[in-house]
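User: Please look at the fold and the pocket of this model with me, and give the cut-offs behind each term.

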Amino acid sequence: MSDKQTPALSKERAEYLRKVRFRKYATLAVRVLILVVFFAAWEILANLKLIDPFITSQPSRIIRTLGNLYREGSLFRHIGVTCLETVAGFLIGTILGTGIAVLLWWSDFIARVLEPYLVVLNSLPKIALGPIFIIWIGPGPMAIIVMALAISLIVTILEVLNGFLSVDPEKIKLVQTFGANHMQIFTKVVLPANVSSIINALKINVGLSWVGVIVGEFLVSRAGLGYLIVYGGQVFQLDLVMTSVLILAVAAALMYQGVVWLEKKLVKNQQMYGQL
């Protein structure tokens, strides 16, 4: 047995932790309850004909539609296509946007040159570029990924760059007095101080990547959830539309939770490193 004993928690500390756990479980329970009440009310109102199930669909019809897509063998194909395109656009947009933000932080001259172009590109309606991308690249997955990039890239650059520029200048001056070069300033001060900014950019990119991919699939795709939404609307199969929308909501929520998990890991590692 180890000579070191874990110190016993005080009564006040134990009570505080109990309240924290209670709030955590209560929050989760209320979230689940809201979903249950929403879908139950949706089903009941549709059965009572208080809302038109042809227009709004209903949970039981959505379940049947999921079953039909699964039996046809197309459910996971459509989900896989959209998820693959979204993850590709998300990763490329995050890596490329962060890299460009580093370049702009590194060179004040380049940042001043590109600033008006970034402002214009950020304000430009990206959907208008969709047909141009299709003509340039061709009707395929690459055009959809580029569409996702067009929507998320500039936001990533501006978000991360703003974080880099907001670092306390006194900290930078301090390491400069010890002879730190530009690379050391970035790796030892700027980057560690902006883990939260990069994570925020990831969180924003989750939604923007899904938007870009779905818009691209609206325009050109022959497979994917965006294609199912467009097809369902064209043939008035609103059950298919609502089913695809709900799948999108679940997939986007899971992707967002993945970023939250990554944030917790990075923050935990950063705290452990700071204690060494």
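The questions below go from the overall chain to one helix and then to the pocket.

Analyst: This is a predicted model, in which local features need pLDDT of at least 70 and side-chain atom pairs count only at pLDDT 80 or more, while totals for chains, interfaces and linings use all residues. Residues are numbered from 1 along each chain as its sequence is written, and side-chain values use heavy atoms, with hydrogens and water left out.

User: How many helices and strands does the chain have?

Analyst: Helices (H or I, at least four residues) and strands (E, at least two) are taken as DSSP runs, numbered from the N terminus. On that basis the secondary structure of the chain comes to 12 helices and zero strands.

User: What span should helix α3 have, and how far apart are its end C-alpha atoms?

Analyst: The expected span is 1.5 Å times one less than the number of residues of a helix. Helix α3 has 14 residues (59-72), so 20 Å is expected, and this agrees with its end C-alpha atoms, which lie apart by 20 Å.

User: Which residues of α3 are buried?

Analyst: Buried means under 20% relative accessible area, exposed over 50% and partly exposed in between, with a 1.4 Å probe and protein chains only. In α3 the buried residues are Pro59, Ile62, Thr65, Gly67 and Leu69.

User: Which element gives the largest share of the lining of the largest pocket?

Analyst: A pocket is an open set of points on a 1 Å grid over the protein atoms alone, where a 1.4 Å probe fits, with protein on both sides within 12 Å along at least five of seven lines, and lining residues have an atom within 4 Å of a point. The largest share, five residues, comes from α3.
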